[in-house]
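Student: Hey, can you walk me through this one? I'm still new to reading sheets.
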Amino acid sequence: MNTEIKQGGCQCGQVTYELSGAPVALYRCHCTECQTASGAAFGMSMWVRVEDFKLTSGVLKTYVRVADSGGQVESSFCEYCGVRIYTQALRLESGYLVLKPGTLSKSDNLKPSADIWLSSKQNWFEPPEDTRHFDGQPLLEALFESHQESGSTVGD
Ligand SMILES: [Zn+2]
Ligand SMILES: [Zn+2]
């Protein structure tokens, strides 16, 4: 297990954090909420243990939205520049945060192991063969499993 401490933060630099421990899932999400939230073609989500995340400076503001499932999802973002740092499902006390991995200082090796919500992906996007593919929301276990196999599985 990789116990190296990683640094990250928002765009204006007021919010900084440290991440210890290894992530348990890393995937691309093509749902329309992630497209809107990221302002991009897809969102990236990295599940980390709550105890592995430490806010080291700045103030996080929160925004709660109701998901299609009826559950509430809380986003935490820098109050100045608005960059999202993580989201968390409020009902699901899973002990995990869903970090926005592009906020890591060193973000050159964020290789997703799954593509989810492919039913609403951009037309031009072709999911690579070395990720697991899901049309909608998979079970959490499936995402954790595909991460453990670290992209070695082909399709599904
Ligand atoms: Zn900021
Ligand atoms: Zn999504």
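Tutor: Sure. One term to begin with: two strands count as paired if DSSP finds at least two bridges between them. Also keep in mind that this is a predicted model.

Student: Okay, so what order do the strands of the 8-strand sheet come in?
Tutor: The order is 6-7-8-9-4-3-10-11, in an open sheet with mixed pairing.

Student: Which strands stand at the edges there?
Tutor: Strand 6 and strand 11. Each has a single partner strand, so one side of each has no neighbour in the sheet.

Student: Is strand 6 mostly buried or in the open?
Tutor: Largely in the open, because 0 of its 7 residues, 60-66, are buried. The cut-off for buried is 20 or more other C-beta atoms within 10 Å of the residue's own.

Student: And how many bridges join strand 6 to strand 7?
Tutor: There are 7 bridges, and the two strands run antiparallel. As an example, Tyr 63 has Ser 75 in strand 7 as its bridge partner.

Student: What sits between those two strands?
Tutor: A turn: strand 6 and strand 7 make a hairpin with 5 residues between them. Look for Gly 70 in that turn, where phi is positive, about 95 degrees.

Student: What about the other side of strand 7, how many bridges join it to strand 8?
Tutor: Strand 7 and strand 8 (residues 84-89) are joined by 5 bridges, again antiparallel. Glu 74 has its bridge partner, Gln 88, in strand 8.

Student: Switching topic: what's the order in the sheet of 3 strands?
Tutor: That open sheet runs 1-2-5, with antiparallel pairing. Its edge strands are strand 1 (6-9) and strand 5 (53-57), each pairing on one side only. From one strand to the next, the twist averages 30 degrees.

Student: How many bridges do strand 1 and strand 2 pair over?
Tutor: They pair over 4 bridges. Gln 7, for instance, has Glu 18 in strand 2 as its bridge partner.

Student: Now helices. Which strands does helix 2 lie across?
Tutor: Helix 2 lies across strand 3 (25-29), strand 10 (114-116) and strand 11. Its angle to strand 3 is about 110 degrees.

Student: And where is Leu 139?
Tutor: Leu 139 is in the loop between strand 11 (132-133) and helix 2 (140-148).

Student: Buried or exposed?
Tutor: Leu 139 is exposed, because it has 9 other C-beta atoms within 10 Å, and the cut-off for exposed is 12 or fewer.

Student: How far is Leu 139 from Ala 67?
Tutor: Their C-alpha atoms are separated by 16 Å, with the two residues 72 apart along the chain.

Definitions and conventions. Residues are numbered from 1 along each chain as its sequence is written. Chains are lettered from A and ligands numbered from 1 in the order in which they are written. This is a predicted model: local features need pLDDT of at least 70, side-chain atom pairs count only at pLDDT 80 or more; totals for chains, interfaces and linings use all residues. Axes are lines fitted to C-alpha atoms, for helices over the stretch in contact, and angles run from 0 to 180 degrees between N-to-C directions. Two residues are in contact if their C-beta atoms, placed from the backbone, lie within 7 Å.
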